[in-house]
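Colleague: I am new to this structure and should be grateful for a guided reading. May I put some questions to you in turn?

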Amino acid sequence: MKISFTINSRKRDLELQPNETLLNVLRKNGLTEVKSGCEEGECGACLVLLDGKPVNSCQVLAMSVRSKKITTVKGIGTLHSPHIIQKAFAQGGADQCGFCSPGMVLAAYSLLQKNPNPTREEIAEGLDGNLCRCTGYVKIVEAVHEAASKLRNEKSQAE
Amino acid sequence: MFKYVKHSVEKIDGLALVTGEEHYTNDFSFRNMLYVSILHSTFPYAKIEDIDDSAARAMDGVVEVLSYKNVKKILYTTAGQGFPEPSPYDSVLFGDVMRFVGDNVCAVAAETKEIADAALAKVKVRYKQLKPVLDFEKAEGSSTVIHQDDGAFPKIPVFYDASKNIAAKVEAEVGNFDDAFAKSPKKIEHQFYVPYASHCALEPHAAVSYLDFRGRLVIISSTQVPFHVRRIVSVVAEIPVSKIRVIKPRIGGGFGGKQEVLLEPIVALVTWRTKRPAKLVYSRKEVFTSTRTRHQYRTTFKVGYNKDGAINALHLDALENSGGYGSHALTVLANAGSKTLPLLNKIQNLKFTGRGVYTNLPVGGAYRGYGATEAYFGYGQIVDMVCEDTGCDIVEYYKKWTIKSGETSPIFKALGEGKEGVAMIVTSTSLNECIHVGAKLSGWYEKRKLYGGDFNKGKRDKRGIGMVALMQGSAIPEIDMASAYMKMNDDGSFNLMVGATDLGTGSDTVLAQIASEVLDTPVEKFIVTSSDTDHTPFDTGAYASSTTYLSGHAVKKCAESIKNQILKVGADLLTVSIGEVEVEESRVVVRRKGKQDHHQEVSFAEICQSSLYQKNQFQIQATASHVSPKSPPPFAAHFIEIEVDTFTGIIKLLNYVATVDCGTPINPVLAEGQAEGAIVNGIAYALFEDYYFSPQGILLNDTFGKYGMLTAHDIPPITVKLVDSFEESGPFGAKSISEININGALPGIANAFFNATGKRLHRAPFMPEYVLSVINE
Ligand code: FES
Ligand code: FES
């Protein structure tokens, strides 16, 4: 069956089976920026935002979220217009293989929405659901810290 | 002094990675593609008497079933190593003997993944169960022979005795151990165990294949070794090398786990037979059970020493659990000796004995650290014990006894990779400086004294600090080869093609920086293409801490050759002699008596335009290869502070300081990242990671959650400090950094534990139950 979703602010009609996970449906339809690391809800590589809230898309039936807004990592910034968090990741060496990055960046994004001025401990806690085997998390936490301060600056300048 | 090297340039693929643009193997799909699923053995040791796949084949959507019935049994090793491989030829793609739970029974290719999975359930397999060997300490000479009558043989002339379940044996001695040990006034003997481990690269193993327009086979794979994949697929799938192209796109981590040719021959065969694209992606469970692991080890150290702490004799005996097949069995074993024993090179009498044994358990393979991690657990503690016993300050002890610049160790020659090693003089080390800086940064002296004194008396939570010095290698000397090709474009940019394989380590960027430095041209000017067997020259691949050191050297040579051509054309255009010109900021400039003549310069773009279109036309291009005559060790010192809850047995890390000598760090931020990632993996291995098996040899903790991965929340404060040295044989002084830092956590934490409690840990992981039992001994 075909169902329409709002993905990264665009309406899209996607083909799916009733028992398919959101992860599968997204990837099958070309949204390969959503990664699959375990399909058991344990790594966060498949994390997307549903109405702004982070969820592991491998643990969600696609059918059940048809009315919600879906955001993937491309929804917050792109190669040509990257988000401050994405820039901070790339500049700070927070991406090695980058396989965890789409999920990690979104987890950071959602953390900074809730808490724009987190301590390093709060960042670490906020990223608790996302595994990374390459970086040892040191540079990820630093990058999020850096991005938070840049975002705050940007905001105070705008005000 | 450097302009592009030793700068933390942003990774050239960085933004594309974090915006989700880059593609990994599983992100490639093709029209008409088949999905492949594998049926794995549920028995640790069994003979397949028959497979009946008729019900599976009858299913709508099932296109092909591969098993021993229709795939030729060609012996090979899955280890992605140079040819001839030092690992025994003891594997076939699909056999009729299952040697561990997770071994491949058959493969089904179907129109969808769902159909392929459903079809697996319809394959009827009649097994005859055999008595398995599930304890590696009982494998040698067991009545159960794991490779019997299968023709398994060593490809190179080394000791191999399948009838006794011996997959590998390594022995070496310098001096006379027995004699020196007997005469030593003090002696200790200790045994240590380290468990199985999974690499846990976040991207599961994956391979996709298709036929190109001319009928050649293209394999896209998450591999560390594209050229070895091409060679091995050619052999086992019986397809000529000329008809195979292997591409490694972005890869979601490797750590040694993808230095193995497992999935590629299967998709290759499906595509070759059906003429259709095929995809195989392992589930996380399959990665845990059916790919490769860190070998389980038992190490026994016998040490004889004097009252002043001087060690006269050291014997390291290693027993390695190779699992059902002998992938990397020999070389990991050799490295357990060759990457540890040279560190304290003043010991005159050294003996190494090791056996890798077959069992009916998951298969070992390459894993960051490669034997060194396994052996440092004991080696690092032994040194601490000797110091403790003789009242030596371990920091000063290491400074005094470790190998120095200008020195050698007979072990370099005695222990090679399947053959004699290569004698080598160490020409770069800043280890003493590393130790000095690390001691300072960690507050070593104050804390060691404090925690060793009354501080912990009567306390439930006891604190300790421990340290360890480490070495590894950089590439396999006189075996590994890397090469690079470069050509110049009309705007002064360059294509840089390398066989080297970026695993997320940033080697594409690091190699571009090296070319940048030679040509004094920004990194953006280099278009890097890597790991495509059709379009890039040969490279053995990403393993053995080789890429920066070895592939980097090939790139440097290649860029130097380009530079010469540019200078020649430039001088010609400026009508001066070649001795009067040099490159500077993407131009050729005239310099006389050390002064630059500003009116006489020509840009790289002008030079290339001239050479392509105008005068004495030719393509400015070069290729270079490199083999290293040595494997210069990187060094490191790790200082770890812990707190032990003596009621629960929980060890908490309070602080981790690592000082590292990787020569010149070509890209310091990326180098630090390598160290940090390795340290955290090392901590997880020391504290949590293990394989738990049922009595039937079934892996019980085959998910991230049950396995014990660390998250951002679990990590202690980590400080990595690079303490440079300059390695003459490396590009711009570089050595390696990717592996060494995984070796510190095991001995470092154990030494800290001794400082806290006065007890020694002999078994990893340091799970609370075990720790408690040690405390209450
Ligand atoms: S793939 Fe969804 S949490 Fe790992
Ligand atoms: S960068 Fe590789 S898993 Fe995080």
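Colleague: In which order do the three strands of the open sheet in chain B stand?

Modeller: In this predicted model, the pairing within the sheet is antiparallel. Strand S4 (97–98) and strand S6 (124–129) of chain B are the edge strands, each pairing on one side only. The order is therefore S4-S2-S6, with the edge strands at its ends.

Colleague: How many bridges join strand S2 of chain B to S6(B), and which residue stands opposite Lys47(B)?

Modeller: Strand S2 covers residues 46–52 of chain B, and its pairing with S6(B) is antiparallel, over six bridges. Within this pairing, the residue of S6(B) that stands opposite Lys47(B) is Lys128(B).

Colleague: Which residue of S23(B) stands opposite Ala482(B)?

Modeller: Strand S17 (residues 481–488) of chain B pairs with strand S23 (residues 621–627) of chain B. The two strands are antiparallel and share seven bridges. Opposite Ala482(B), in S23(B), stands His626(B).

Colleague: Which residue in the turn between S17(B) and S18(B) has a positive phi?

Modeller: S17(B) also runs antiparallel to strand S18 (residues 494–498) of chain B, and five bridges join them. One of the bridge partnerships links Ala484(B) with Val498(B) in S18(B). The two strands form a hairpin with five residues between them. In its turn, the residue with a positive phi, about 85°, is Gly492(B).

Colleague: How much area do chain A and chain B bury between them?

Modeller: The contact involves 46 residues of chain A and 51 residues of chain B. Of the area buried between the chains, 60% lies on carbon and sulfur atoms. The total is about 3900 Å².

Colleague: How many salt bridges does the rule find across the interface of chain A and chain B?

Modeller: One salt bridge brings together the side chains of Arg27(A) and Asp27(B), at 2.7 Å from N to O. This distance satisfies the rule because the cut-off is 4 Å. Across the interface of chain A and chain B, the number of salt bridges found is seven.

Colleague: Which helix gives the largest share of the side of chain A that touches chain B?

Modeller: Between the two chains, 22 residue pairs are in polar contact. Several helices of chain A supply at least two residues each to the side that touches chain B, among them helix H2 (73–76), helix H3 (84–91) and helix H6 (138–158). The largest share of that side, five residues, comes from H3(A).

Colleague: How many charged residues does the side of chain A that touches chain B have?

Modeller: By class, this side of chain A has 19 nonpolar and 14 polar residues. Its charged residues number 13.

Terms used
Residues are numbered from 1 along each chain as its sequence is written. Chains are lettered from A and ligands numbered from 1 in the order in which they are written. This is a predicted model: local features need pLDDT of at least 70, side-chain atom pairs count only at pLDDT 80 or more; totals for chains, interfaces and linings use all residues. Side-chain values use heavy atoms; hydrogens and water are left out. Helices (H or I, at least four residues) and strands (E, at least two) are DSSP runs, numbered from the N terminus. Contact means heavy atoms within 4.5 Å. Buried area is the accessible area (1.4 Å probe) that two parts lose on being put together, summed over both. A polar contact is a pair of N or O atoms within 3.5 Å; within protein, one must be able to donate a hydrogen and the other to accept it, and residues adjacent in sequence count only if both atoms are side-chain atoms. Ala, Val, Leu, Ile, Met, Phe, Trp, Tyr, Cys and Pro count as nonpolar, Asp, Glu, Lys and Arg as charged, and the others, Gly among them, as polar.
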